Amino acid sequence: MSRLLPLIGFLLLVGLFGFGIWWNTQHDQREIASPLIDKPAPAFALPVLGEPSRTVDKASLLGKPYFLNVFASWCIECVHEHPMLMTDMKRLGLPIVGFNYKDEPEAATAWLSEHGDPFDVIVADRDGRAGIDFGVYAAPETFLIDAKGVIRYKRIGPITPEVIEKEIRPALVALAKETP
């Protein structure tokens, strides 16, 4: 029996490895369920990018649904997502709040000058503390927050036409049904 233990251990490891490979091929790793869905968005008060004496807080955004888009000048995927924010996301009719994450203000401003600015307002989370409260993994991420400040949807990774059609539009339809 003691001679079989290494073989049994080896077979268990091979089985776990095989299960891991199968799991990764069956599930989109960006579909990480957020524990914040259907919960109030975290309270925050952050300076406006380029206007550090002006702040935006959660309370000032209440009253109308909006998208919160986490981006940074150092984010490679943000470059790929940005054209979608400039066109298709703007066409959805909701304000887009930019959430500049762990970035230098000068770098973010230069990046927006180069790529365009789709945002209605941009807050700067230089140290990433507010991002931690939102459960931000990395940029880009996008949240749909309702008029009462409740998170209704979260996307980890770039917005694409497929994401808009299969995820964001249905989330907006569901939100519209909930609004009296």
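Buried means under 20% relative accessible area. The exercises below use that cut-off on a predicted model.

**Exercise 1. Classify the two cysteines C75 and C78, then describe the link between them.**

Step 1. Take C78. Its relative accessible area is 2%, so C78 is buried.

Step 2. Take C75. Its relative accessible area is 3%, so C75 is buried.

Step 3. Check the sulfur atoms. Those of C75 and C78 are 2.4 Å apart. The cut-off for a disulfide is 2.5 Å. The pair forms a disulfide.

Step 4. Read the angle about the S-S bond. At 85°, the link of C75 and C78 is right-handed.

Step 5. Count. The rule yields one disulfide.

**Exercise 2. Lay out the fold of the chain from the N terminus on.**

Step 1. Count the elements. There are five helices and seven strands.

Step 2. Put them in order. The run is α-β-β-β-α-β-α-β-α-β-β-α.

Step 3. Work out the burial. Of the 180 residues in the chain, 42% are buried.

Step 4. Look at sequence separation. Take contacts between residues at least 6 apart in sequence; 71% of them join residues at least 24 apart.

**Exercise 3. Describe how strands β6 and β7 are arranged.**

Step 1. Locate the strands. β6 covers residues 141-145, and β7 covers residues 151-156.

Step 2. Find the sense of pairing. β6 and β7 are antiparallel, with five bridges. F143 stands opposite K154 in β7.

Step 3. Inspect the connection. The two strands form a hairpin with five residues between them. In the turn, G149 has a positive phi of about 90°.

Step 4. Assess the cover. Five of the six residues of β7 are buried.

**Exercise 4. Test the length of helix α5 against its expected span, then find its bend and its packing partners.**

Step 1. Compute the span. Helix α5, residues 161-178, has 18 residues; at 1.5 Å a residue, it should span 26 Å.

Step 2. Compare. The end C-alpha atoms of α5 are 25 Å apart, which agrees with that span.

Step 3. Locate the bend. α5 bends by about 35° at I168. A proline, P170, follows within four residues.

Step 4. List the buried residues of α5. They are V163, I164, I168, A171, L172 and L175.

Step 5. Recall helix geometry. An α-helix has 3.6 residues a turn, so residues three or four places apart point the same way.

Step 6. Name the partners. The buried residues of α5 pack against β3 (66-71), α2 (76-91), β6 and β7.

**Exercise 5. Place I168 in the largest nonpolar core.**

Step 1. Size the core. The largest nonpolar core has 49 residues.

Step 2. Pick out the residues with the most contacts inside this core. They are F67, M89, F99, F134 and I168.

Step 3. Ask which element gives the most to the core. That is α5, with six residues.

Step 4. Trace the contacts of I168. Leave out residues up to four places away in sequence. I168 then touches F67, M89, L92, Y153, I159 and V163.

**Exercise 6. Decide whether Y101 is buried or exposed, and find what surrounds it.**

Step 1. Locate Y101. This residue is found in strand β4, residues 96-101.

Step 2. Apply the cut-off. The relative accessible area of Y101 is 6%, so Y101 is buried.

Step 3. List the contacts. Leaving aside neighbours within four places in sequence, Y101 is in contact with V70, F71, A72, W74, D125, G128, G131 and V136.

Step 4. Take one pair. Y101 and G131 are 30 residues apart along the chain, yet their C-alpha atoms are separated by 7.2 Å.

Technical notes: Residues numbered from 1 in each chain as written. Predicted model: local features only at pLDDT ≥ 70, side-chain atom pairs only at ≥ 80, totals over all residues. Heavy atoms only, no water. Buried < 20%, exposed > 50% of the residue type's maximum accessible area, 1.4 Å probe, protein only. Pairing = 2+ DSSP bridges. Expected span 1.5 Å × (residues − 1). Bend = angle between axes of the 7 residues up to and from the residue. Contact = heavy atoms within 4.5 Å. Core = buried A, V, L, I, M, F, W, Y, C linked by side-chain atoms within 4.5 Å.
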